[in-house]
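Dear colleague,

I am passing on the structure below, and my notes on it follow. Please read them with the coordinates open.

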Amino acid sequence: MTLMIETVTPPNSGTFRLDLHLAADILVSAETARRRVSAFVGREIADLLHGEPPNLVWQEHGVSWRVPVVLSSRSLGRIGVVGTIDVDVKTGELNLNDQLLHTLEDNAQRLAAGAAL
């Protein structure tokens, strides 16, 4: 697992120092977040989409699991990542909006067309 911190912008050059003391209550496991994303994208977008193991992301507005959404097929296996969905670590709520859903659908169609599914 990787921890990504999105609220810090390092300098282009020179010394970079970051002293961290981070605390978050993680009530939703990474596996639960992955399963919730898989169920959602498989049901609402396309049955060839699923979630992969997420990374923990520290953002200004809180901590989330960032779940990669992947297009796969039985014949070709893993084709590629079409985007990501953030899942709140406390509530399990998927952070969705119309633009994200449109992007996931477009990327999935583009990858599927290129893979000749």
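Two strands are taken to pair if DSSP finds at least two bridges between them. Please keep in mind that this is a predicted model.

With that in hand, strand E3 (55–59) and E4 run antiparallel and are joined by five bridges, one of the bridge partnerships being that of leucine 56 with tryptophan 65 in E4. The connection from E3 to E4 is a hairpin through two residues. E3 also pairs with strand E1 (residues 3–5), here in the parallel sense and over three bridges, and isoleucine 5 stands opposite tryptophan 58 in E3. Four of the five residues of E3 are buried, so that the strand is mostly covered.

The largest nonpolar core has 20 residues, and those with the most contacts inside it include Val41, Leu49, Val69 and Ile85. At least two of its residues come from each of helix H1 (30–44), E3, strand E4 (62–73), strand E5 (77–88) and helix H2 (98–115), while E4 provides the largest share, namely five residues. Setting aside residues up to four places away in sequence, valine 41 touches Ala46, Leu49, His50, Val69 and Ile85.

Histidine 50 appears again beside serine 72, a residue of strand E4, since the side chains of serine 72 and histidine 50 are joined by a polar contact of 2.9 Å. Serine 72 counts as buried because its relative accessibility is 15%, with the cut-off lying at under 20%. Beyond its neighbours within four places in sequence, serine 72 is in contact with Leu48, His50, Gly77, Arg78 and Ile79.

With best regards

Notes. Residues are numbered from 1 along each chain as its sequence is written. This is a predicted model: local features need pLDDT of at least 70, side-chain atom pairs count only at pLDDT 80 or more; totals for chains, interfaces and linings use all residues. Side-chain values use heavy atoms; hydrogens and water are left out. A nonpolar core is a set of buried Ala, Val, Leu, Ile, Met, Phe, Trp, Tyr and Cys residues joined through side-chain atoms within 4.5 Å. Buried means under 20% relative accessible area, exposed over 50%, partly exposed in between (1.4 Å probe, protein chains only). Contact means heavy atoms within 4.5 Å. A polar contact is a pair of N or O atoms within 3.5 Å; within protein, one must be able to donate a hydrogen and the other to accept it, and residues adjacent in sequence count only if both atoms are side-chain atoms.
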